[in-house]
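This report describes selected features of one molecular structure for a reader beginning the subject. Please keep the sequence and the model in view while reading.

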Amino acid sequence: AGTPYLKVTPSQLKTMTGRRGKDAWTALGGRVYNITPYVAFHPGGGPELLRCAGRDGTRLFGEIHPWVNYEGMLSSCMIGMLVEEGEEKK
Ligand code: HEM
């Protein structure tokens, strides 16, 4: 029961930059999102959005638009939880 979310480590996240044919993933508030489908729609532009790709974007996001409800907006893009290195095997 329940959706078996992926456990994503920072080093796995780091490969998902949205470049070289890879999808763009980011972590916000401990959740990992595949933001690839949103790149073309981000009001601040694709390149700005992609600054948070491949890493934890929580701080950057919060510095720019803390009022934006990313949990609601990106719920269908959520793919997993950010965990520490090694935790993905447990
Ligand atoms: C605007 C969503 C990440 C830069 C916006 C707006 C939304 C949004 C909904 C419109 C906000 C409003 O008008 O009040 C998101 C989501 C993000 C994300 C869901 C992450 C998944 C980022 C990042 C940056 C960024 C990482 C920059 C490093 C901007 C800028 C605007 C904007 C500059 C203002 C655009 C304008 O009004 O001209 N974003 N954003 N965003 N975003 Fe993001």
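## The two cysteines

C52 has a relative accessible area of 10%, and the residue is therefore buried, since buried means under 20%. C77 is likewise buried, because its relative accessible area is 13%. These values, like every other value in this report, are computed from a predicted model.

How many disulfides does the structure have? The count is zero. A disulfide would require two cysteine sulfur atoms within 2.5 Å. The sulfur of C52 has its closest cysteine sulfur in C77, at 12 Å, so the two are too far apart for a bond. Seen from the other side, C77 takes part in no disulfide, and its nearest cysteine sulfur is that of C52.

## The ligand and its surroundings

Where does the ligand sit? The space that the ligand takes is the largest pocket. Two elements, α2 (46-49) and α3 (58-64), each give two or more residues to the shell around the ligand. The element that gives the most is α3, with three residues.

The ligand has 18 residues around it, and those that come nearest are H42, F61, I64, H65 and W67. Sorted by class, the shell consists of 13 nonpolar, three polar and two charged residues.

## Polar atoms facing the ligand

Which atom of the ligand lies 2.8 Å from a polar side-chain atom of H65? The partner is a nitrogen atom of the ligand. The side chain of H42 also has an N or O atom placed 2.8 Å from a nitrogen atom of the ligand. For W67, the ligand partner is an oxygen atom, and the distance from a polar atom of the W67 side chain is 2.7 Å.

## A closer view of H42

H42 belongs to the loop that runs between β3 (31-34) and α2. Is H42 buried or exposed? H42 is buried, because its relative accessible area is 16% and the limit for a buried residue is under 20%.

The side chain of H42 has a partner within the protein as well as in the ligand. A polar atom of this side chain is 2.7 Å from the backbone oxygen of G45, while an N or O atom of the side chain is 2.8 Å from a nitrogen atom of the ligand.

## The loop between α1 and β2

Two residues of the loop between α1 (10-13) and β2 (25-28) deserve attention. One of them is R20, and A24 lies in the loop between α1 and β2 too. R20 counts as exposed because its relative accessibility is 86%, and the exposed class begins over 50%. A24, in contrast, has a relative accessibility of 2% and so counts as buried.

The backbone of R20 also calls for comment. Most residues other than glycine have a negative phi. R20 is not a glycine, yet its phi is positive, at about 50°.

## Distances along the chain and in space

Separation in sequence and separation in space are two distinct descriptions of a pair of residues. A24 and P37 are 13 residues apart along the chain, and their C-alpha atoms are separated by 8.9 Å. Y33, a residue of strand β3, stands 17 residues from M16 along the chain, with 11 Å between the C-alpha atoms. Y33 counts as buried because its relative accessibility is 1%.

Two further pairs involve residues of helices. G72 lies in helix α4, which covers residues 70-73, and the C-alpha atom of G72 is 18 Å from that of C52, a residue 20 positions away along the chain. E48 is part of helix α2; E48 and K7 are 41 residues apart in sequence, and their C-alpha atoms are 26 Å apart in space.

What level of accessibility do these two helix residues have? G72 has a relative accessible area of 43% and is therefore partly exposed. E48 also counts as partly exposed, because its relative accessibility is 41%.

Notes: Residues are numbered from 1 along each chain as its sequence is written. This is a predicted model: local features need pLDDT of at least 70, side-chain atom pairs count only at pLDDT 80 or more; totals for chains, interfaces and linings use all residues. Side-chain values use heavy atoms; hydrogens and water are left out. A residue is near a molecule or strand if one of its heavy atoms lies within 4 Å of it. A polar contact is a pair of N or O atoms within 3.5 Å; within protein, one must be able to donate a hydrogen and the other to accept it, and residues adjacent in sequence count only if both atoms are side-chain atoms. On a 1 Å grid over the protein atoms alone, a cavity is a set of points where a 1.4 Å probe fits but cannot get out, and a pocket is an open set with protein on both sides within 12 Å along at least five of seven lines; lining residues have an atom within 4 Å of a point. A molecule sits in a cavity or pocket if more than half of its atoms lie within 2 Å of its grid points. Helices (H or I, at least four residues) and strands (E, at least two) are DSSP runs, numbered from the N terminus. Ala, Val, Leu, Ile, Met, Phe, Trp, Tyr, Cys and Pro count as nonpolar, Asp, Glu, Lys and Arg as charged, and the others, Gly among them, as polar. Buried means under 20% relative accessible area, exposed over 50%, partly exposed in between (1.4 Å probe, protein chains only).
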